[in-house]
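Please look over the structure shown here. The report after it is organised by region.

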Amino acid sequence: MLRRVHAGQFWLVRPFVCTVLAALSCAAQAQSSDSVVYSSSISVSNLRVQVVDLTPNDGMAAGVTWETRGILGTTNAEWTESGPTYLGPQYTNSLLPSSALSSTYDINGGTLTASGSPDGLTLHTQVTLSQLLGTPSASDYTVYRSAMPNGAITLLAPWTDGEGQFTLTPNTALILTGTIAGQTSVDSTAVHAALQTAGFDSWTFSRTGWGPSVSIALVETSGAAISDDSGNPIGSTLTGSNVEASLGGTQYMSSSDATGTAFSQSFSHAFRLDFTNLLDASRTGTVSLRLATDEYIGLDAYRTYTPPGDGDISGPVDPIPSIPEPATYALMGLGLLGLGLARRRHGA
């Protein structure tokens, strides 16, 4: 049932509504003002596995099997004497998960998000102004802050931390194709404005490390090569067995920049890896696929200390008690004498 609100009732409700709207507006402004000062991403996309039968008329089907365990976010782990127990999303016996998986971690002053799908894998990190700087107090004349939101997506063996394995049928070629891409960005504009508002005179903002990186490799298992009578290896060929890329480096920014500066870099490359088995027997190999971030974000800021006054002692000073003058003692004596005479007359 609808109820009519009279004008007088609206004016009573209006202050409350305005207060709520103002609070929501302030919250939205605070959220939007939390600028991203560093971000990175590394990805493998459009990953395709192709198996080619080199002898289609031999009556044997071509194929590849994987013995792998994918870990989305190696930083989320419990460590014991026997090694780490990973707590994040996982998938088994494939290069990619069969459905969408994702997990976000707040770690070492930043945020890391690891995600995977049947199409690819992505690792993303970011550090915001509030995560890095926080709220310096008025008594902070030096500020040292750092962030290291590092982690990885990796393929491991099913039950150990060793590399995953694959088995390729006889007379078969294995082809992996896809795209690797990476990006980093550092922006000190918001850092400069916040420190200037807080009264800091100088600062340095830096990013250093290996950066976001990716590596993919297909390697024949050690000791599995077959040789002829002369000791020459035969039976398998590896072409383009690995691909890797990273965005490491160092960037320094400082208060000498008028309004702060920004820096970014990126890459995107298509790749192809081949593993060909020319034998009449199955061949095994190791597969590695790793996306990782290794960064250090640092901030040092300084504010000039201003003493309360020239030569003044900081803080409250207790007053020094004064020494009575001789005339004061004389007056005290006369007073005591008068009291004594008064008591004597009263007794009489």
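The sections below go from the whole chain to single residues.

## Overall make-up

This is a predicted model. The protein has 348 residues, and 36% of them count as buried. Its secondary structure comes to four helices and 21 strands.

Long-range pairs carry much of the contact map. Among contacts with a separation of 6 or more, 79% join residues 24 or more positions apart.

## Largest pocket

The largest pocket holds about 180 Å³ of space. Its lining has 10 residues, and those closest to the centre are Leu129, Leu133, Gly134, Thr135 and Ala194. Helix 2, residues 129–133, gives the largest share of the lining, with three residues. By class, the lining splits into five nonpolar residues, four polar and one charged.

Threonine 135 sits in the loop between helix 2 and strand 10 (142–147). Is threonine 135 buried or exposed? Its relative accessible area is 75%; exposed means over 50%, so threonine 135 is exposed. Threonine 135 and alanine 194 are 59 residues apart in sequence, yet their C-alpha atoms lie 9.5 Å apart in space. Both residues belong to the group closest to the pocket centre.

## Helix 3 and its surroundings

Helix 3 spans residues 189–197. Which residues of helix 3 are buried? They are Ala190, Val191, His192 and Leu195. The cover over these buried residues includes strand 1 (36–53), helix 2, strand 14 (202–220) and strand 21. After helix 3 comes glycine 199, with a positive phi near 85°.

Serine 188 lies in the loop between strand 13 (172–187) and helix 3. Its relative accessible area is 0%; buried means under 20%, so serine 188 is buried. What does the side chain of serine 188 reach? It reaches the backbone nitrogen of threonine 261, at 2.8 Å. Leaving aside neighbours within four places in sequence, serine 188 is in contact with Trp203, Phe205, Met253, Gly260 and Thr261. Thr261 therefore appears both as a contact of buried serine 188 and as the residue whose backbone nitrogen the serine side chain reaches.

## Strand 12 between two partners

Strand 12 covers residues 164–168, and its side chains alternate. Gly164, Phe166 and Leu168 point to one face and are buried. Gln165 and Thr167 point to the other face and are not buried.

Strand 12 pairs with two strands named here. Strand 2 (residues 64–67) runs antiparallel to strand 12, and four bridges join them. Strand 21 (residues 283–302) also runs antiparallel to strand 12, with five bridges. Phenylalanine 166 has a partner in each. It is the bridge partner of tryptophan 66, and it stands opposite glycine 285 in strand 21. Strand 21 is also part of the cover over the buried residues of helix 3.

## A buried position in strand 13

Isoleucine 180 is found in strand 13. Is isoleucine 180 buried or exposed? Its relative accessibility is 2%, and the cut-off for buried is under 20%, so isoleucine 180 counts as buried.

Its contacts, leaving aside neighbours within four places in sequence, include Ser43, Val44, Val214, Ile216 and Val243. Ala245, Phe267, Ser268, His269 and Phe271 are also among them. The C-alpha atoms of isoleucine 180 and serine 45 are 6.5 Å apart, although 135 residues separate the two in sequence.

## Two asparagines with positive phi

Asparagine 46 is found in strand 1. Its phi is near 50°, a positive value in a residue other than glycine. What is the relative accessibility of asparagine 46? It is 38%; partly exposed lies between the 20% and 50% cut-offs, so asparagine 46 counts as partly exposed.

Asparagine 93 lies in the loop between strand 6 (90–92) and strand 7 (101–107). Its phi is near 55°, again positive in a residue other than glycine. At 44% relative accessibility, asparagine 93 counts as partly exposed.

Conventions
Residues numbered from 1 in each chain as written. Predicted model: local features only at pLDDT ≥ 70, side-chain atom pairs only at ≥ 80, totals over all residues. Heavy atoms only, no water. 1 Å grid on protein atoms, 1.4 Å probe; cavity = no way out; pocket = protein on both sides within 12 Å on 5 of 7 lines; lining within 4 Å. Points joined across faces, edges and corners; volume = space filled by probe spheres on them. Nonpolar A, V, L, I, M, F, W, Y, C, P; charged D, E, K, R; others polar. Buried < 20%, exposed > 50% of the residue type's maximum accessible area, 1.4 Å probe, protein only. Polar contact = N/O pair within 3.5 Å; in protein donor to acceptor, adjacent residues only side chain to side chain. Contact = heavy atoms within 4.5 Å. Pairing = 2+ DSSP bridges.
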